[in-house]
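Here's a quick briefing to read with the model open in your viewer. Grab a coffee and have a look first.

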Amino acid sequence: MRVLVAEDGMMMRRILVRALEGWKYEVTEVENGAQAWEAFEAEPFRMVLTDWVMPEMDGLDLIRRIRSANLPFYVYIILLTAKSEKEDLVVGMEAGADDFLVKPVDHNELRVRLREGERIVRLEQELAEQNRQLRETQAALVQSEKLASLGQMAAGMAHEINNPIALVANNLAVLKRDVSSALELLDMYRSIHEKIAQIDPELAKKAAELEEECDYQWIRDESPELFNRSLTGLQRVRDIVQNLRSFARLDEAELDHMDVNAALFAVSQVLHHEIEARQIELIVDPGDVPSILCEPVKIQQVLHHLLLNAIQASDVGGKVTLSSSRCDEGVQIDVQDYGCGMSGSDLAHIFEPFFTTRAVGSGQGLGLAVSYGIVRDHGGSIQVRSQLGRGTTFSVQLPVRPLDNQSPGGSHES
């Protein structure tokens with residue numbers, strides 16, 4: 001435990017420091033309140049022993065400054081003074097002191113008061129940690145409930161959208177084929193235009209006027225590309241629906257053992273073109289990890305999306321690290337980039353469906369939501385750490401074998 005001692009009397013200060021160091025405290029000593037505040041601002045202490053009357057800044061002013069600093073933790077303060085009247089005790093406590101010791105300080109009493117302060121500080125630390133865990137658990141529950149509700153909605157949407165998409169896609173394919181044949185037929189008629197003009201000049205003239213009016217040449221040149229763009233747009237909608245199906249867990253995969261390190265190399269090979277196109281230095285760092293029982297296709301989908309995200313977030317010529325290691329839960333996979341990073345406000349929504357930090361039209365905003373659901377269904381967890389301008393790290397933790405009630409291949413509500 002680090003203790004700050006502010007005492008203007010050199011002899012008293014040395015006695016206090018010698019006693020504290022003998023009790024294995026890490027001590028910083030200063031001569032007055034101004035020096036104490038400067039030391040406290042540089043690196044806050046959890047325990048402070050301060051004299052009341054000191055030059056430049058007295059003990060009460062120092063205590064008030066500490067209490068008004070809006071620190072994320074509690075500081076236990078013991079006020080040392082030769083004053084012993086009850087009114088003085090009240091003034092000191094009202095300023096924010098936790099305890100009060102009258103000079104000359106009795107060592108046994110000081111040690112007891114310090115131990116009490118330590119207990120309070122450690123209880124506060126434990127409470128803060130429990131609150132942090134409670135907030136994380138609450139956030140995870142809210143996220144899980146939100147995803148479950150959206151999963152049910154996604155299931156209905158996927159079913160309703162799939163049928164008209166299939167109909168439109170089939171009709172477009174038929175139209176593309178038939179329009180192409182019709183254009184070939186019209187081209188054939190155009191090739192005998194002069195012969196038709198000799199037989200029936202009026203009919204040939206009407207045909208020429210109609211051709212100009214409908215801009216036949218533009219239709220002839222552009223219709224293939226129009227059909228292709230339409231089919232590409234439909235394919236994009238199909239991809240969105242497929243991600244919705246994955247998000248809603250409508251498509252179940254089979255459980256099998258997966259070599260984690262082999263999966264890392266396989267995914268890096270799949271994205272070889274994107275890596276080369278952006279001149280990314282990819283470092284694959286396989287650890288000594290066991291194989292895991294999972295749905296390999298889905299876990300590879302997670303790795304594919306996280307690695308693609310890292311590549312797209314990196315500058316041209318940047319670096320991305322893909323690594324595996326053991327953890328308490330089983331196996332941990334880290335995907336780290338050194339790119340643009342994300343703000344705290346973005347991080348709060350990163351796993352929400354349809355949330356994306358990319359430009360409109362360049363991302364569906366489903367990849368991380370789907371990945372979150374897949375990892376959750378395997379009994380694992382996924383965390384993200386990010387700093388703007390410094391990069392992002394996604395960490396996926398998966399059990400070696402999912403629990404029966406968390407088995408991703410088990411039954412579920414839809």
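What follows covers the strands, the nonpolar cores and the cysteines.

Keep in mind that this is a predicted model. The largest nonpolar core has 37 residues, and strand E10 (residues 330-337) is one of the elements that each supply at least two of them.

**Strands around E10**
- E10 is mostly covered, with seven of its eight residues buried.
- On one pairing, E10 meets strand E9 (residues 319-326) in the antiparallel sense over seven bridges, and Val320 has Asp337 as its bridge partner.
- Three residues sit between E9 and E10, and the two strands form a hairpin.
- E10 also pairs with strand E12 (residues 391-399), again antiparallel, over eight bridges; here Val331 is bridged to Leu398.

**Nonpolar cores**
- In the 37-residue core, the residues with the most contacts inside it are Leu306, Phe351, Ile382, Phe394 and Val396.
- Its suppliers of at least two residues each include helix H9 (260-270), helix H13 (367-377), strand E11 (381-387), E9 and E12.
- Helix H11 (296-313) is another supplier, and H11 gives the most, with eight residues.
- Leaving out residues up to four places away in sequence, Ile382 touches Leu306, Phe351, Tyr372, Val375, Phe394, Ser395 and Val396.
- Another core lies apart from this one and has 21 residues, among them Ala6, Val30, Phe45 and Ile63.

**Cysteines**
- You'll find zero disulfides in the structure.
- Cys294 counts as buried because its relative accessibility is 1%.
- Cys214 counts as partly exposed because its relative accessibility is 35%.

Definitions and conventions. Residues numbered from 1 in each chain as written. Predicted model: local features only at pLDDT ≥ 70, side-chain atom pairs only at ≥ 80, totals over all residues. Heavy atoms only, no water. Disulfide = S-S within 2.5 Å. Buried < 20%, exposed > 50% of the residue type's maximum accessible area, 1.4 Å probe, protein only. Helix = DSSP H or I, 4+ residues; strand = E, 2+ residues; numbered from the N terminus. Pairing = 2+ DSSP bridges. Core = buried A, V, L, I, M, F, W, Y, C linked by side-chain atoms within 4.5 Å. Contact = heavy atoms within 4.5 Å.
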